[in-house]
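Work through the exercises below with the sequence and the coordinates open. Each task is followed by a solution in steps.

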Amino acid sequence: MNQAGRPPFDLEVNLRSLTNHPAQAIFLLAIISLVVYAVGYVVYQVWLHPLANFPGPFLGKFTEWNTILPSVRGESTRTRHAWSLEYGDVVRIGPNELLFGGIESVKDIYGQTSNPCLKDPDFYRGFTVTGANNVLNAMERVEHARIRRLLSHAFAMAEIKKTQPRLIPIMERGLDVIESSPQPVNVYDPLNHMFLDVVSELSFDKCFNNLQGECIREAKYADDVQNISALRGMFPFVEWLPTTYVQDAVKARPRLIQFARSRIEDFRARLEKGKVKEGSLLKRVVESKDERTGEPLTDLELMENAIIFIQAGSETSLSTLLYLLYEVDTHPDIKARLVKEIREAVPNKHAFPLFETVEQLTQKNLTQPVPSSQPFLNNVLEETLRLHGPIPVNLPRISPGKMIGGHYVPAGTRVCNLAYTTHRNPEIFPDPDSFVPDRWDNVTTEMKLAYRPFSTGPRNCIGLHLARLQIILMVSALYARYDLQLDKSVTPEMMIAADRGVMSPNAKTVTFHVKPRADS
Ligand code: HEM
């Protein structure tokens with residue numbers, strides 16, 4: 001007996017007892033192997049892995065949960081930004097994942113190069129409802145280029161301008177709903193419906209009519225499905241989770257497919273009868289043939305792309321417009337300048353402006369070198385997109401094995417550079433958290449590199465002209481027609497962005513007093 005009153009440890013006796021109880025022995029062996037494997041795994045990941053020399057949070061060196069948990073909590077973008085501030089320009093945030101924060105790496109990750117970083121299939125494969133490819137989720141360069149070529153003509157600014165006779169009546173309807181609502185009015189819902197109506201008109205060639213209370217369920221199917229797209233890609237088993245959020249998305253998918261299919265069939269039927277209206281985006285797409293194969297998009301591809309336009313093109317524009325109105329209203333001097341500029345360009349408060357009327361407010365005046373006399377609306381929009389662009393989020397790519405931002409990154413490593421971080425670089429954008437439209441009077445090379453609300457390179461936003469046109473038209477029409485005043489109930493906390501892939505005001509409540517313009 002030892003001092004504690006226990007018999008001394010006898011290895012031979014213990015081993016003999018294990019041989020007499022094989023089940024216990026197997027269990028013990030399994031536990032020991034597991035512990036050895038776990039210790040070996042952690043030692044390898046932390047000290048011997050090819051990414052071991054990059055700094056970063058300790059958990060991230062050996063577990064994906066480091067990035068998964070902030071995503072599930074809707075805190076992915078702000079958490080990643082905080083890591084960049086804490087650890088520097090290159091951070092190892094996952095076992096096989098690097099987060100870049102400097103502008104040098106932007107072109108290496110997202111730019112047009114002979115050895116590009118392609119989209120991460122684990123992330124993007126969930127962005128399809130039928131399994132067919134669309135322009136957002138096509139991973140391979142050749143396949144993506146084929147779809148993009150077929151779509152790009154329809155999305156060129158010249159074509160987008162031609163859609164105005166179809167868009168403006170929808171926008172007018174949106175204004176009517178806002179104006180006729182009891183005041184003050186939460187503009188979130190009518191503007192959300194309006195952008196969904198606009199994008200459905202262009203994508204399916206038939207408006208949802210959300211503003212009139214139609215197709216609300218169908219628009220929600222698209223939203224529900226989108227909520228778990230990225231999660232589905234990374235964890236295919238997520239659909240088994242019995243939470244309402246996930247199960248709503250699972251139920252919505254077949255309904256969305258059925259709805260989209262019927263809309264495409266309806267479009268085909270109208271096309272055959274010559275009943276499709278002019279300025280139809282979908283008509284342009286259907287007419288496009290691949291210059292290599294001579295083939296157009298298949299009906300399944302048409303459907304997939306139409307759904308992606310709805311998902312990518314509504315909440316993004318909505319969020320940008322809401323933040324612009326909020327920032328302008330909370331900066332009275334900026335509001336006075338912007339309203340004056342718009343009312344001078346659009347003197348008739350009863351007419352809805354055409355884009356051509358206000359376009360000069362969005363372009364630099366090259367004959368006028370005095371910065372302070374540059375168009376102000378453009379600066380206000382750029383500054384809104386810098387601070388509140390709706391997709392400054394994780395857009396993961398895979399390194400093919402190359403130098404990125406001055407570091408060699410092995411093939412297969414997941415890489416990303418957040419626009420959220422480059423948009424807040426204090427050396428490029430002094431006083432980065434303040435809303436300062438005038439900073440866009442003097443655009444430096446660094447600002448051009450850092451600023452990418454629509455991303456950059458071959459996978460940048462195909463809808464950027466449409467986004468700009470509809471936001472500029474709405475801002476111009478709102479300030480030309482109305483005296484707007486933010487209601488006191490709207491607090492900065494309510495405007496903090498919810499982060500669900502698209503960032504938009506979390507409270508979904510942005511209340512304004514909207515009165516017809518007082519002056520003549
Ligand atoms: C202010 C509004 C918008 C912003 C800030 C925005 C931003 C972006 C960004 C950052 C990307 C890159 C996504 C990635 O790499 O995964 C993107 C891609 C895309 N956007 Fe937008 N977007 C806006 C509006 C629109 C609109 C109105 C549409 C169409 C109706 C649209 C359709 C798309 C599509 C289809 C892609 C995928 C392009 C590709 O991979 O080739 N977006 N957008």
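**Exercise 1. Count the salt bridges in this predicted model, then examine three of the pairs and one network.**

Solution.
1. With a cut-off of 4 Å between a side-chain nitrogen of Lys or Arg and a carboxyl oxygen of Asp or Glu, the count comes to 35 salt bridges.
2. Take Asp224 and Lys220: their closest N and O atoms are 2.9 Å apart. Both residues belong to helix H11 (residues 216-227), where a spacing of four residues is about one turn of the helix. Asp224 is buried, at 10% relative accessible area, whereas Lys220 is partly exposed, at 43%.
3. Next, Arg232 pairs with Glu239, with 3.1 Å between the closest N and O atoms. Arg232 is buried, its relative accessible area being 19%.
4. For Asp329 and Lys335 the corresponding distance is 3.0 Å, and both residues are buried.
5. Finally, a network of salt bridges links Glu64, Arg80, Glu97, Asp120, Asp122, Arg125 and Arg414.

**Exercise 2. Find the number of disulfides, and explain why Cys117 and Cys207 do not form one.**

Solution.
1. Searching the whole structure gives zero disulfides.
2. The cut-off to apply is a sulfur-sulfur distance within 2.5 Å.
3. For Cys117, the closest cysteine sulfur is that of Cys416, at 11 Å, so the two are too far apart for a bond. Cys117 is buried, with a relative accessible area of 7%.
4. For Cys207, the closest cysteine sulfur belongs to Cys215, at 8.3 Å, which is also too far for a bond. Cys207 is buried as well, at 12%.

**Exercise 3. Identify the protein donor of the iron atom of the ligand and place it in the chain.**

Solution.
1. The only protein donor is the SG atom of Cys461, at 2.3 Å from the iron.
2. Cys461 sits in the loop between helix H21 (445-450) and helix H22 (464-481).

**Exercise 4. Which residues make the nonpolar surface patch of about 820 Å²?**

Solution.
1. The patch is made by Phe27, Ile31, Val35, Val39, Val43, Tyr44, Trp47 and Leu48.
2. Phe27 is part of helix H2 (residues 22-48).
3. With a relative accessible area of 57%, Phe27 is exposed.

**Exercise 5. State the confidence scores of the prediction.**

Solution.
1. The average pLDDT of the chain is 92, and 97% of the residues score at least 70.
2. For the complex, the predictor gives an ipTM of 0.99 and a pTM of 0.92.
3. Predicted coordinates should not be read in detail where pLDDT is low.

Terms used:
Residues numbered from 1 in each chain as written. Predicted model: local features only at pLDDT ≥ 70, side-chain atom pairs only at ≥ 80, totals over all residues. Heavy atoms only, no water. Buried < 20%, exposed > 50% of the residue type's maximum accessible area, 1.4 Å probe, protein only. Patch = residues over 30% accessible without salt bridge, like charges linked within 9 Å, V, L, I, M, F, W, Y side chains within 5 Å. Areas by Shrake-Rupley, 256 points an atom, 1.4 Å probe, with all protein chains shown as cover. Helix = DSSP H or I, 4+ residues; strand = E, 2+ residues; numbered from the N terminus. pLDDT = per-residue confidence, 0-100. Donors = N, O, S within 2.8 Å, 3.2 Å for Na, K, Ca; no water.
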